[in-house]
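Biologist: Before any bench work is discussed, I should like to go through this model with you, point by point.

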Amino acid sequence: MATMTIRNIDDQLKARLRVQAAQHGRSMEDEARDILRAALSTEPPRGLSLVGAIRARVAPLGGLELDLPARDPIRTPPELA
């Protein structure tokens, strides 16, 4: 297992951690470990894809039909001999 040191913790935050650890009957280190485990145990919710986000934003505005020009067939590439 790796060791980790956390520096510059606000005194009020440290006091709250101490109180919460005492309420749960464990050390501050065990309490911090449990808090981290709980915070990181679930996957963050995945948002919409970029396309989905754009569609969701513009859907209330209605749709728009575009007349697309006909496409020409692919040209034969030139020979570069």
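The questions and answers below concern the fold, the surface, a pocket and single residues.

Modeller: This is a predicted model, in which local features need pLDDT of at least 70 and side-chain atom pairs count only at pLDDT 80 or more, while totals for chains, interfaces and linings use all residues. Residues are numbered from 1 along each chain as its sequence is written, and side-chain values use heavy atoms, with hydrogens and water left out.

Biologist: What pattern does the protein follow along the sequence?

Modeller: Helices (H or I, at least four residues) and strands (E, at least two) are DSSP runs, numbered from the N terminus. The protein has three helices and zero strands. Read along the sequence, the pattern is α-α-α.

Biologist: What radius of gyration does the protein have, set against a compact globule of 81 residues?

Modeller: The radius is taken over C-alpha atoms, and the globule rule is 2.2 Å times the number of residues to the power 0.38. Along the principal axes, the C-alpha atoms fill a box of roughly 75 × 50 × 20 Å. A compact globule would be near 12 Å, but the protein has 29 Å.

Biologist: What percentage of the 81 residues is buried?

Modeller: Buried means under 20% relative accessible area, exposed over 50%, and partly exposed in between (1.4 Å probe, protein chains only). By that rule, the buried share of the 81 residues is 2%.

Biologist: Which helix gives the most to the lining of the largest pocket?

Modeller: A pocket is an open set of points on a 1 Å grid over the protein atoms alone, where a 1.4 Å probe fits, with protein on both sides within 12 Å along at least five of seven lines; lining residues have an atom within 4 Å of a point. The largest pocket is lined by 21 residues, and Ala 32 is among those nearest its centre. Helix 1 (11-23) and helix 2 (28-40) each supply at least two lining residues. With eight residues, the greatest contributor is helix 1.

Biologist: Is Ala 32 buried or partly exposed?

Modeller: Ala 32 lies in helix 2. Its C-alpha atom is separated by 9.6 Å from that of Arg 18, 14 residues apart along the chain. Because its relative accessible area is 26%, Ala 32 is partly exposed.

Biologist: What is the phi of Asn 8?

Modeller: Asn 8 lies in the segment before helix 1 and counts as exposed, at 82% relative accessibility. Most residues other than glycine have a negative phi. Asn 8 is not a glycine, yet its phi is positive, at about 60 degrees.
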